[in-house]
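Labels such as buried, exposed or polar contact rest on cut-offs. The turns below take some of them and ask what earns each one.

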Amino acid sequence: MQPSLLAVSAVSKRFGATVALEHVDLSIGAGEIVALMGANGAGKSTLVKILSGVYRADAGMLSLAGHPFMPESTQAAKRLGVATVHQSIADAVVPSLSIADNLLLDRLCDGAGPWRATPAARRRSAAPLAARVGLDVDLSAPLATLPLAAQQLVTLARALAAQPALLILDEPTASLSAPEAERLFALLDTLRAEGVAILLVSHRLGDLRRLADRVAIVRDGRIVADLRPPIDFDAVVETMIGRPLRSHLVRGPDSIETPMSPKIAKAHAGLTGFHAERVQLTQHSIPFDLDVRRGEIVAIAGPVGGGKSRLARAIFGAGRLVAGRMSLDGAPWQPRSPADAIRAGVFLAGEDRWRTSLFADSVSFASIAGTISFPFLPRWFPHGRVQRAVEARAASDAIERFGIRCTGPTDRLTKLSGGNQQKVVLARWHAQPARLLLLDEPFQGVDAGARADIVDTLRAQAHERATLVFVSDLEEAFEIADRVVRFDRGTIDHTSSFEPELSPLS
Ligand SMILES: Nc1ncnc2c1ncn2[C@@H]1O[C@H](COP(=O)(O)OP(=O)(O)OP(=O)(O)O)[C@@H](O)[C@H]1O
Ligand SMILES: [Mg+2]
């Protein structure tokens with residue numbers, strides 16, 4: 001057995017009354033990929049943040065390559081050989097700076113000098129970092145112009161620039177398409193072969209099957225299992241969530257791949273719900289029709305960058321169509337703004353929760369209650385006076401219904417784990433009845449158990465509205481939808497739409 005590069009022993013961490021980690025032991029050898037799995041709020045990111053110098057452990061010992069390891073800051077952790085790609089990209093990038101400067105950010109922050117270099121020279125220094133992760137874009141553009149997946153690659157490239165002995169990735173594939181994820185995996189294979197130790201946090205079993213040399217499971221702040229291959233991943237999920245996963249979730253796409261029948265497509269037309277006709281998303285995309293009747297959940301499934309979010313935003317009034325017509329419950333649907341849409345009962349839970357749905361910590365309504373009530377303030381409190389008790393009741397209901405792990409409705413969003421933040425976003429759009437609910441990548445960072453519960457909640461209320469779910473993961477599409485529609489290059493691919501035999505409506 002290799003001597004371990006990283007040794008964590010008896011590490012504990014509390015936040016007020018919350019015990020995030022208790023007596024955690026973990027070791028990682030050079031050239032080993034260890035996966036850290038656990039339910040939302042189990043303590044994974046807390047451990048990652050201790051290793052990367054964001055938090056100090058309350059108790060316990062850390063050592064790296066045989067030396068005590070107690071980084072005072074993230075920069076110190078990096079200098080000592082530990083580089084981290086955190087779960088929240090928003091904290092790690094500066095959207096207004098160029099992509100090149102974001103790649104060089106650590107050097108710029110260290111005062112190492114590149115600020116004085118010309119933009120062209122900075123681009124030249126950044127180019128090899130971008131190339132390493134296969135990021136092929138104009139490095140002089142502002143980072144904000146990049147899709148989320150590419151921003152994630154920027155943070156990865158920056159971590160690799162430090163040539164770490166230990167690389168930590170917290171949910172690296174949450175916003176990557178399958179080919180992008182595979183490119184990342186190939187890169188991790190290379191790093192492993194070069195002797196880099198890797199700690200990987202992911203809710204995607206596929207990632208772990210493909211990569212993990214060992215799987216450590218965290219539950220309620222404790223390591224409850226440390227497994228080596230062959231690993232029974234169904235058992236892993238049970239250990240993780242502390243109960244069996246319900247069976248309807250294991251039906252795979254293979255069992256339900258049947259082309260959409262023209263008969264059913266016709267039956268959908270003219271019913272209440274959402275209808276789009278000859279819709280064109282960009283100058284060059286092919287027009288398409290789309291129907292979602294009330295009571296139905298339709299998944300728009302396709303690769304990241306294929307235009308799903310653009311479609312979602314156009315329906316929500318946050319973007320424009322190039323051509324085509326939409327209708328809702330028989331009336332023309334032409335929202336001029338998201339506010340219009342919300343008033344009419346059309347809600348969108350956006351893909352990038354920090355950009356589209358949540359508030360910075362400094363804002364007074366950054367609590368769970370404030371986040372949930374915000375879009376509904378004019379409706380709930382028409383006279384302008386917010387009644388905290390009403391807000392808190394809506395939040396308590398949401399916490400219960402979505403199993404949000406927190407201490408109460410006044411908790412700030414930044415204190416919640418990533419998966420629990422995502423549950424708040426989903427809960428918000430259930431606080432008020434919708435006519436059309438649009439969910440863009442709703443399961444980002446949500447653990448397998450919580451996902452099953454959320455699917456149940458969505459299904460239980462599906463009869464009241466039309467629901468469109470935009471996902472890049474086909475397995476997720478089949479978990480949730482009555483009908484799965486393939487979407488790519490800004491249009492529907494009718495030759496390969498699917499319809500599960502096990503429609504929960506029938
Ligand atoms: N800064 C903080 N202040 C207060 N509580 C916190 C803070 N950070 C995390 N917590 C709490 O610590 C616990 C562990 O959170 P952590 O983010 O480590 O979970 P996680 O395993 O990464 O979950 P996820 O899969 O949802 O990302 C949670 O109960 C969370 O609410
Ligand atoms: Mg986390």
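A polar contact here is a pair of N or O atoms within 3.5 Å. The model is predicted.

Q: What makes the approach of Gly43 to ligand 1 a polar contact?
A: A polar backbone atom of Gly43 lies 2.9 Å from an oxygen atom of ligand 1. The limit is 3.5 Å, so the pair qualifies.

Q: Which side chains make polar contacts with ligand 1, and on what distances?
A: An N or O atom in the side chain of Thr46 is 2.6 Å from an oxygen atom of the ligand. Tyr55 places a polar side-chain atom 3.2 Å from a nitrogen atom of ligand 1. Both values are within 3.5 Å, so both pairs count.

Q: How many residues surround ligand 1, and which are the closest?
A: There are 21. The closest are Gly41, Lys44, Thr46, Ser417 and Gly419.

Q: Why are Ser45 and Gln87 called donors to the magnesium ion (ligand 2)?
A: Ser45 uses OG and Gln87 uses OE1, at 2.0 to 2.3 Å. The cut-off for this metal is 2.8 Å, so both atoms count as donors. Water is not among the atoms, so the site may look incomplete.

Q: What makes this pair a link between distant parts of the chain?
A: Ser45 and Gln87 are 42 residues apart. Ser45 belongs to helix H1 (residues 44-51). Gln87 sits in the loop between strand S6 (82-85) and helix H3 (99-103).

Q: Is Ser45 buried or exposed, and how do you know?
A: Its relative accessible area is 19%. Buried means under 20%, so Ser45 is buried.

Q: Why is Gln461 called buried?
A: Gln461 has a relative accessible area of 16%. That is under 20%, so the label holds. Gln461 lies in the loop between helix H18 (448-460) and strand S18 (466-471). Leaving aside neighbours within four places in sequence, Gln461 is in contact with Arg401 and His430.

Q: What makes the pairing of the Gln461 and Arg465 side chains a polar contact?
A: The distance is 3.5 Å. The definition accepts pairs within 3.5 Å, so this one is included.

Q: Why is the label for His23 not the label for Ala65?
A: His23 stands at 57% relative accessibility. Exposed means over 50%, so His23 is exposed. Ala65 stands at 48%. That value is between 20% and 50%, so Ala65 is partly exposed. His23 is in strand S2 (residues 18-29), while Ala65 is in the loop between strand S4 (59-64) and strand S5 (67-68).

Q: What is notable about phi at His23 and Ala65?
A: Phi is positive in a residue other than glycine at His23, near 50 degrees. Ala65, also not a glycine, has a positive phi of about 50 degrees.

Q: What makes the bond between Pro229 and Pro230 a cis peptide bond?
A: Omega is about 0 degrees. Pro230 lies in the loop between strand S10 (222-227) and helix H9 (233-241).

Q: Which residues touch the most other members of the largest nonpolar core?
A: They are Phe274, Leu290, Ile315, Ile368, Leu438 and Leu468, in a core of 69 residues.

Q: Why is this core said to lie between domain 2 and domain 3?
A: Domain 2 (245-345 + 433-506) and domain 3 (355-432) both give residues to this core, so it lies between them.

Technical notes: Residues are numbered from 1 along each chain as its sequence is written. Chains are lettered from A and ligands numbered from 1 in the order in which they are written. This is a predicted model: local features need pLDDT of at least 70, side-chain atom pairs count only at pLDDT 80 or more; totals for chains, interfaces and linings use all residues. Side-chain values use heavy atoms; hydrogens and water are left out. A nonpolar core is a set of buried Ala, Val, Leu, Ile, Met, Phe, Trp, Tyr and Cys residues joined through side-chain atoms within 4.5 Å. Buried means under 20% relative accessible area, exposed over 50%, partly exposed in between (1.4 Å probe, protein chains only). Domain bounds come from an automatic or database domain assignment. Helices (H or I, at least four residues) and strands (E, at least two) are DSSP runs, numbered from the N terminus. A polar contact is a pair of N or O atoms within 3.5 Å; within protein, one must be able to donate a hydrogen and the other to accept it, and residues adjacent in sequence count only if both atoms are side-chain atoms. Contact means heavy atoms within 4.5 Å. Donors are N, O and S atoms within 2.8 Å of the metal (3.2 Å for Na, K and Ca); water is not among the atoms, so sites may look incomplete. A residue is near a molecule or strand if one of its heavy atoms lies within 4 Å of it.
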